[in-house]
Every structure is written in C-alpha cells, then in structure tokens.
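Let's take a walk through this model, looking at where its helices meet and where empty space is left.

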Amino acid sequence: MEPQAPRRRVTIVDVARHAQVSTTAVSKVLRNAYGASPEMRAKVRRAIDELGYRPHAGARALRGQTYTIGVMLPDIRNPFFPDILDGITARLADTDYQVFLGPGCNGEPEEARVTEAMIDRGMDGLVLIAPVSQRAHLEHVASVVPTVVVGRHGHSPVYDTVTDDDVAGASLVVGHLADLGHRRIAHIEHHETDPTRIAEMPNAQRADGYRRAMRALGLEEEIDIVSTTYTQQGGYEGARELLARPRRPTAVFAGADIVAMGVLEALTEAGLSAPGDISVAGYDNTTFASFGPISLTSVDQAGHEIGGNAARLLLERIADRHKAPVQVKLSPSLVPRRTTAPPPEQTGISGSGQRGVQPFG
C-alpha cells in the first residue's frame, strides 16, 4: 500500500476562497484590525473553523508578532504556581495568545537559558515568576521584549511588577498565632544572601514581616528563624532543627505551604501532631491546604488574581512599549484552619489527647 502524501497546509488564500472574501479581509480578521464588519468576521471565522486553518507562526514572526507568551516558572513542584498560571490563561482566553512554559529551576544560569530561548523564538512577551536573576539581567530581558515580573518587590523603569504584600501577610500569621496564646512562634525562611534579592524577594519580605510583627507584639525575645529552602525538604529540615531546641516553639510559621508540608512530615515522624503539640501555618493557600485531612492554616495571596494582573499588564505593555511602569501590590488574607489552635500548656491537652494532623503517619 502506497503511503499517503502529507496533507497540504491550509493557507490564508484557501480561507479567503472558502469565505468568498479577499485575503486582505482575512488578514484583518486574523489581526483583529479595524475595517472588518461583524458579518465579515463571522464569515471568515466560520471558514477558518470549517477548513481547520492554523496561522503559520513563522510567517507571523516575520510580520513582527507570534501571538505567543513565555512564562518562566522557578519550580514546577511548588503547588502555588499553577494558581498564577490559571490566572494568566484565563485572562488570555479571549485573545489569540498562547502560553509556553519554561522551568527556571531556581538558578540564574537556568533562568538566563530559558529567557534567552524564549526571546530567540520571537515570543511577544514574557512573564517571569519569582525570578532569582540579578536586576540587570531582568532589565536586559525587558529591554528586548515586553516583560512583567511576578513576586519581586523592586521597581524598574522597563518592566511591570505584580506582588503580594508579603510583610502584611506575615503579620497576619503572627497576629493569628499570638491571638491564640502563642509566644514561642518560630519561622522557617528561604536562605538568601544576595542584597538585592533580600530587598526584593517574597521570602525575605515574609521573614522581615515576621520580625516586625513579633517586635510589635512585644515578642522580640522569642524571635526564632531557621533558614533552609522553600521546598518540602527545607520544611522538614527546618522543623527537625526546631524540634531539637532545648525549648521548642509552640507554633511554626512556614514561609510557604510547600514548606509547611515538610514541617508536618517532621512532626509526624517525631510522634507529634498539629495543632495538638505544635501549631503550623503556611503561606499561599494552595489547593492541598484546604484538603480535609490536612486543613492547613494559610495566607491567601490570590494567585489567580496575580496571574490575571500579570497577563493584563503584559498585553498593555505589548501594545505600548513606552508606557510608564506599573506596580501592582495585592492585599493578602488569612484562612484559619485546623492546624492552628491554642498552645498545649494553655489548653492542658497534650498532642496525644487532641486530634491533630498526621498526613504522613
């Protein structure tokens, strides 16, 4: 049996003939340009659907636009980032833009490789989520292609930013735990040494918010910070270090929900529970935080809204490269759940007598 010849690609000429309009009219509809009536748009869209026409990305690139947007993720394992992606894709749903993802792997060389690859492929704009690269590199990228940076608090004349008020979010956690009667409130942060990232990254802002809130509540002597990583393993190691203290904390504020998962794992391994022995709070309000057997107290920083704002700002910057930079800062809210409660010495009930979270036991 003879192999079938490859099917010929449907062209804009085919669409024009099928719709009985000019190729110029089809081009206007595809570009959403002025001059095409609603009836004309309907005819062309119907012809596109019937023929299965797909615009040629290479040809679009030659005309200066590919209708593709690159999104750089620092860590594909962090369950918070899909919330941001959902917000981005929802905002772009009624446009011709397609999203392509690239892993930054929490490293400057890896981020540079991903962003340069996206630029080389002619993407119309980039959303960089919590990038660790130096500001000079971010500004270089933004000078080449419209860019929105998510999760960096620094301002730049060449790119827009979307952040959560991480200082306020940390204060919400500390205030909640203090209201429950906790004084020995520890914090697990992501280790950072670079001065710029200390000033701009969410992890550093949350650690600063924790310190400020503890001081404001007269608990400066109880400040206790362990520096690991914003990973489940980092939370596990940080909790193990805290549990080895001669005077262990009664509550742990994990800098991210993924960190809190590691804390819960370490508690279970030690035969302890949350909140029976130690209360645990996270940050991000990820999907698993509301999962019944876990029920993690967490800060909701509205990931979907963050993503939606990032996509909106990027579309605006694609339309006008010279517009003034915009900084959007969203206000977080606390979602109390079952992993936080008054400390054991206040209730008189030990972990063995109070129902707690032991998801790994």
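What follows goes from a helix pair to a cavity, then on to a pocket and a second helix pair.

Keep in mind that this is a predicted model. Let's start with α11 and α12, whose axes lie 6 Å apart and make an angle of about 45 degrees. An angle like that falls outside the ranges for roughly parallel, antiparallel or perpendicular, so α11 counts as oblique to α12. As for handedness, α11 passes α12 in a right-handed crossing. On the α11 side, the contact uses Gln 232, Gly 235, Tyr 236, Ala 239, Arg 240 and Leu 243. Facing them from α12 are Ile 258, Val 259, Met 261, Gly 262, Val 263, Glu 265, Ala 266, Leu 267 and Glu 269. Sort the residues of this contact by character and you get 9 nonpolar, 3 polar and 3 charged.

Now for the empty space. Rolling a probe the size of a water molecule over the atoms shows where such space is left. How many cavities of 30 Å³ or more does a search of the whole structure find? The search turns up 1, and the largest cavity holds about 40 Å³ of space. Its lining is made of Ala 239, Leu 242, Leu 243, Pro 249, Val 252, Val 263, Leu 267 and Ile 278. Here our helix pair comes back: α11 (232–243) and α12 (257–269) each supply at least two residues of that lining. The largest share, 3 residues, comes from α11. What is the character of the lining? There are 8 nonpolar residues in it, with no polar and no charged ones.

Next, have a look at the largest pocket, which contains about 490 Å³ of space. The lining takes in 31 residues, and those nearest the pocket's centre are Pro 74, Phe 81, Ala 130, Pro 202 and Tyr 230. Two or more lining residues apiece come from α5 (81–92), β5 (160–164) and α10 (202–216). By character, the lining of this pocket splits into 14 nonpolar, 10 polar and 7 charged residues.

Finally, turn to α2 (residues 23–30) and α3 (residues 38–51), whose axes come within 10 Å and cross at roughly 90 degrees. The two helices are therefore roughly perpendicular to each other. From α2, the contact draws on Ala 25, Val 26, Lys 28, Val 29 and Leu 30, while α3 brings Met 40, Arg 41, Val 44, Arg 45 and Ile 48. That contact comprises 7 nonpolar residues, no polar ones and 3 charged ones.

Technical notes:
Residues are numbered from 1 along each chain as its sequence is written. This is a predicted model: local features need pLDDT of at least 70, side-chain atom pairs count only at pLDDT 80 or more; totals for chains, interfaces and linings use all residues. Side-chain values use heavy atoms; hydrogens and water are left out. On a 1 Å grid over the protein atoms alone, a cavity is a set of points where a 1.4 Å probe fits but cannot get out, and a pocket is an open set with protein on both sides within 12 Å along at least five of seven lines; lining residues have an atom within 4 Å of a point. Grid points are joined across faces, edges and corners, and a volume is the space filled by probe spheres set on the points. Helices (H or I, at least four residues) and strands (E, at least two) are DSSP runs, numbered from the N terminus. Ala, Val, Leu, Ile, Met, Phe, Trp, Tyr, Cys and Pro count as nonpolar, Asp, Glu, Lys and Arg as charged, and the others, Gly among them, as polar. Axes are lines fitted to C-alpha atoms, for helices over the stretch in contact, and angles run from 0 to 180 degrees between N-to-C directions. Angles under 35 degrees count as roughly parallel, over 145 as roughly antiparallel, 65 to 115 as roughly perpendicular and the rest as oblique. A crossing is left-handed if the near helix is turned anticlockwise from the far one by less than a right angle, and right-handed if clockwise. Contact means heavy atoms within 4.5 Å.
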